[in-house]
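Here are my notes on this model, point by point. Please read them with the structure open.

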Amino acid sequence: LMMSGCTGWAPNAARSAVAESIWGPWTELGNPCEGPGAETTYDSQSTFVVAVAGTNRYIYMGDRWNPDNLSDSRYIWLPVEWENGRMIIRWTNEWEMPRLNDK
């Protein structure tokens, strides 16, 4: 599970947790983001983590709200990596979409 705190329009640090069942118990794993910008989830709030069909890869999708001009709000998409059973998201300016059967 990846979630965001609630600070209105302002981005904040992400949180993550795991459980064997949706009913819990849940174990908090902390902020999955690393590096510069991690404390604000790279100026975004988590909206969805999508599984790339035919692969074992995932993509983080985050909202970048522009409260002064909502029609100019954006999204960021970043690859999700896995290390020691924990999801890790790092900022990258460019990356390639995983192809089918990419492991």
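1. Start with Arg74. At 51% relative accessibility, Arg74 counts as exposed, because the cut-off for exposed is over 50%. This is a predicted model, so the percentages here are computed from predicted coordinates. Arg74 forms a salt bridge with Asp72, with 2.5 Å between the closest N and O atoms. Asp72 has 29% relative accessibility and is therefore partly exposed.

2. How many salt bridges does the structure hold? The count is six. One of them joins Arg90 and Glu34, at 3.1 Å from N to O. This pair links distant parts of the chain: Arg90 sits in strand β8, Glu34 in strand β4, and 56 residues separate them.

3. Now the accessibility of that pair. Arg90 has a relative accessible area of 27%, so Arg90 is partly exposed. Glu34 is at 29% and therefore also counts as partly exposed. Neither value is under 20%, the cut-off for buried.

4. Arg90 has another partner. The side chains of Glu83 and Arg90 meet in a salt bridge, 3.0 Å from N to O. Glu83 is partly exposed, with a relative accessible area of 33%. Which residues are joined into one network by salt bridges that share partners? They are Glu34, Glu81, Glu83, Arg86 and Arg90.

5. Next, the sheet. Five strands form an open sheet, and its pairing is mixed. The order is β4-β8-β7-β6-β5. Which are the edge strands? They are β4 and β5, each of which pairs on one side only.

6. Look at the β4 edge. Strands β4 and β8 run parallel and are joined by two bridges. Two is enough for a pair, because the rule asks for at least two bridges. Glu34 stands opposite Arg90 in β8. Their side chains also meet in the salt bridge of 3.1 Å. Backbone pairing and side-chain contact can thus be viewed together at Glu34 and Arg90.

7. Turn to the aromatic residues. A pair of rings is described by the distance of the centres and the angle of the planes. The count comes to two aromatic pairs. Tyr42 and Trp91 form a tilted pair, 5.9 Å centre to centre, with 45 degrees between the planes. The angle is neither under 30 degrees nor over 60, which means that the pair is tilted.

8. Where do these two rings sit? Tyr42 lies in the loop between β4 (33-34) and β5 (45-51), and Trp91 in the segment after β8 (86-90). The pair links distant parts of the chain, 49 residues apart. Is Tyr42 buried or exposed? Tyr42 counts as buried because its relative accessibility is 3%. Trp91, at 39%, counts as partly exposed.

9. The other pair is Tyr58 and Trp82, and it is edge-to-face. The centres of Tyr58 and Trp82 are 5.9 Å apart, and the planes make 80 degrees. This angle is over 60 degrees, so the pair counts as edge-to-face. Tyr58 belongs to strand β6 (residues 58-64) and Trp82 to strand β7 (residues 74-83), with the two 24 residues apart. In the sheet order, β7 is followed by β6.

10. Last, the accessibility of that pair. Tyr58 has 33% relative accessibility and therefore counts as partly exposed. Trp82 is partly exposed as well, with a relative accessible area of 47%.

How values were computed:
Residues are numbered from 1 along each chain as its sequence is written. This is a predicted model: local features need pLDDT of at least 70, side-chain atom pairs count only at pLDDT 80 or more; totals for chains, interfaces and linings use all residues. Side-chain values use heavy atoms; hydrogens and water are left out. Rings of Phe, Tyr and Trp (its six-membered ring) pair if their centres lie within 6.5 Å; planes under 30 degrees apart count as stacked, over 60 as edge-to-face and the rest as tilted. Helices (H or I, at least four residues) and strands (E, at least two) are DSSP runs, numbered from the N terminus. Buried means under 20% relative accessible area, exposed over 50%, partly exposed in between (1.4 Å probe, protein chains only). A salt bridge is a side-chain nitrogen of Lys or Arg within 4 Å of a carboxyl oxygen of Asp or Glu.
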